[in-house]
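Trainee: I have just opened this entry and would like to get to know it. Could we go through it together, one question at a time?

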Amino acid sequence: MTDPRHIHISDYNYPLPDDRIAKFPMARRDHSKLLIYRKGEVGEDVFYNLPNYLPEGALMVFNNTKVIQARMHFRKDTGALIEVFLLEPAEPSDYELMFQTTSHCAWYCLVGNLKKWKEGPLTREIIINNETITMTAMRGEIHGTSHRIDFEWTGACSFAEIIDAMGELPIPPYLNRATQESDKTTYQTVYSKIKGSVAAPTAGLHFTPEVLQAIDAHGIDREELTLHVGAGTFKPVKSEEIEGHEMHTEYISVRRETIAKLIRHEGKAIAVGTTSVRTLESLYYMGLKVLRNPNLTEDQLHVAQWEPYENHGDWLPDTSAASDQVPVPVILSLKALASWMDAHDLPVLHSSTQIIIAPGYDYKIVKMLVTNFHQPQSTLLLLVSAFVKGDWRKIYDYALSHDFRFLSYGDSSLLIP
């Protein structure tokens with residue numbers, strides 16, 4: 001595997017006029033355009049025909065995370081408006097427990113208009129089930145680029161009910177518009193289940209129940225996992241070389257049965273979206289970790305940003321595989337991870353990943369990819385370039401010259417290297 005740290009992000013730029021950024025989705029999700037990139041050739045179709053291009057018997061993996069209403073607004077006595085943007089749970093740190101809390105919790109948050117919030121609590125009254133609830137926010141210590149915010153509220157409602165009542169869905173900043181009521185539906189996949197994301201896994205926005213039924217009818221196995229998308233997904237690469245860019249940590253949940261299905265499918269999968277890609281590829285490196293040390297905890301399975309590229313990251317030390325420079329087979333890694341989950345009596349793996357996938361990366365599990373069209377000079381574009389072996393310009397030139405719509409609410413592509 002080639003170390004990509006000295007890649008110049010300026011090499012991954014392209015002209016994206018504002019009028020090519022889709023501000024709203026298609027009226028019918030599955031009527032968006034579908035670019036087909038197959039072994040170097042580019043064509044197009046309509047998204048509802050996607051199943052026709054998928055091989056019978058394949059495994060298709062979806063990210064079932066659900067976007068939360070992560071923007072919360074408070075007004076100070078002075079009239080200043082303070083925005084508190086939920087990033088990740090602090091206490092409790094478990095997402096499921098967080099949304100069940102009924103009196104207090106803490107999150108790491110971005111704070112808008114921070115200079116106007118010098119000290120003291122912020123309060124806001126909201127109505128839930130005909131009861132007036134007083135919500136209080138207290139600012140705590142700095143945590144990287146965010147702040148710990150402690151919340152307390154009256155009444156017996158859950159934090160899930162709180163944010164549903166007072167939060168706002170955080171649509172992407174590049175849409176340059178306010179969130180509308182319709183976004184609460186259109187900015188969620190039809191299969192979203194597990195609350196936790198602050199951005200949608202947008203490749204999944206094109207799927208409808210009808211398309212999912214057609215996928216089933218084509219004999220394709222469907223499986224779901226969870227990666228909670230962080231705000232860092234929109235973080236631009238500002239360093240000249242990508243070595244200077246810090247990837248955001250994202251939290252994943254993968255069922256033991258999902259690992260079993262991957263093993264049955266010989267460690268091969270069709271990924272829906274870059275979030276599914278990052279999760280699936282991270283599983284390989286988690287399996288390597290337990291091969292090296294079976295006594296690790298879930299937290300210690302975290303995949304660091306440059307881990308795949310360091311210390312011969314995909315083979316084991318002191319083995320014939322290492323001496324022959326042969327990477328550890330995917331099946332061996334997945335079976336090790338499955339056995340480790342069994343030994344720890346874990347029906348679901350909860351861990352995190354910070355993996356960066358860039359040209360030079362050797363894909364382990366993902367063989368086909370459904371994805372939207374990404375921002376210039378973004379880590380998502382680097383991931384796509386790595387997948388199509390640097391052929392991204394052919395794909396994006398075609399999309400730009402054939403009236404495709406870009407970014408979250410834009411059109412889709414099926415990439416088959």
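Trainee: Is Thr185 buried or exposed?
Mentor: Keep in mind that this is a predicted model, so the values here are computed from it. Thr185 is found in helix α3. Exposed means over 50% relative accessible area, and Thr185 has 55%. That makes Thr185 exposed.

Trainee: How far apart are the C-alpha atoms of Thr185 and Tyr108?
Mentor: Along the chain, Thr185 and Tyr108 are 77 residues apart. In space, their C-alpha atoms are separated by 26 Å.

Trainee: Let's turn to cysteines. How many disulfides does the count come to?
Mentor: A disulfide needs two cysteine sulfur atoms within 2.5 Å. For Cys105, the closest cysteine sulfur is in Cys109, 8.8 Å away, which is too far for a bond. Cys157 is in no disulfide either, with the nearest cysteine sulfur, that of Cys105, 11 Å away. The count comes to zero.

Trainee: What is the relative accessibility of Cys157?
Mentor: The cut-off for buried is under 20% relative accessible area. Cys105 is buried, at 3%. Cys157 also counts as buried, and its relative accessibility is 6%.

Trainee: Which helix gives the largest share of the largest nonpolar core?
Mentor: In soluble globular proteins, nonpolar side chains tend to be buried together. Here the largest nonpolar core has 86 residues, and those with the most contacts inside it include Tyr187, Ile242 and Phe406. The largest share of this core is eight residues, and they come from helix α6.

Trainee: How many residues are in the second, separate core?
Mentor: Trp117, Leu122, Ile149 and Met166 are among its members. This separate core has 33 residues.

Trainee: Which tryptophan is in contact with Ile242?
Mentor: Let's leave aside the neighbours of Ile242 within four places in sequence. Its contacts then include Pro4, Arg5, Ile7 and Ile9, as well as Val237, Ile356, Ala358 and Leu382. The tryptophan on that list is Trp306.

Trainee: Why do the buried residues of α4 sit on the same side?
Mentor: Val211, Leu212 and Ile215 are buried in helix α4. An α-helix has 3.6 residues a turn, so residues three or four places apart point the same way. The buried residues of α4 are on the same side because they cover an arc of only 100°.

Trainee: Which strands do the buried residues of α4 pack against?
Mentor: The face turned away from the buried side of α4 carries the exposed residues Glu210, Gln213 and Ala217. Just after α4, Gly219 takes a positive phi of about 75°. The buried residues of α4 pack against β3 and β13.

Trainee: Within what arc do the buried residues of α2 fall?
Mentor: Those residues are Phe159, Ala160, Ile162, Ile163 and Met166. Seen down the axis of α2, they line one face of the helix, since they fall within an arc of 160°.

Trainee: Is Ile331 buried, exposed or partly exposed?
Mentor: Ile331 is found in helix α8. Beyond residues up to four places away in sequence, Ile331 touches Ile263, Glu266 and Gly267. With a relative accessible area of 25%, Ile331 is partly exposed.

Trainee: Now the rings. What kind of aromatic pair do Tyr191 and Phe207 form?
Mentor: A search of the whole structure finds 25 aromatic pairs. Planes over 60 degrees apart count as edge-to-face. Tyr191 and Phe207 are 6.4 Å apart centre to centre, with 70° between the planes, so by that cut-off the pair is edge-to-face.

Trainee: How many residues apart in sequence are the parts that Tyr309 and Tyr361 tie together?
Mentor: Tyr309 and Tyr361 form an edge-to-face pair, 6.2 Å centre to centre. Both Tyr309 and Tyr361 are buried. Tyr309 lies in the loop between α6 and α7 and Tyr361 in the loop between β16 and β17, so the pair ties together parts whose separation in sequence is 52 residues.

Trainee: Which ring does the charged end of Arg177 sit over?
Mentor: The charged end of Arg177 is 3.9 Å from the centre of the ring. That ring belongs to Phe24.

Definitions and conventions:
Residues are numbered from 1 along each chain as its sequence is written. This is a predicted model: local features need pLDDT of at least 70, side-chain atom pairs count only at pLDDT 80 or more; totals for chains, interfaces and linings use all residues. Side-chain values use heavy atoms; hydrogens and water are left out. Buried means under 20% relative accessible area, exposed over 50%, partly exposed in between (1.4 Å probe, protein chains only). A nonpolar core is a set of buried Ala, Val, Leu, Ile, Met, Phe, Trp, Tyr and Cys residues joined through side-chain atoms within 4.5 Å. Helices (H or I, at least four residues) and strands (E, at least two) are DSSP runs, numbered from the N terminus. Contact means heavy atoms within 4.5 Å. The arc is that of the directions from the helix axis to the C-beta atoms. Rings of Phe, Tyr and Trp (its six-membered ring) pair if their centres lie within 6.5 Å; planes under 30 degrees apart count as stacked, over 60 as edge-to-face and the rest as tilted. A charge sits over a ring if NZ of Lys or CZ of Arg is within 6 Å of the ring centre and within 35 degrees of the ring normal.
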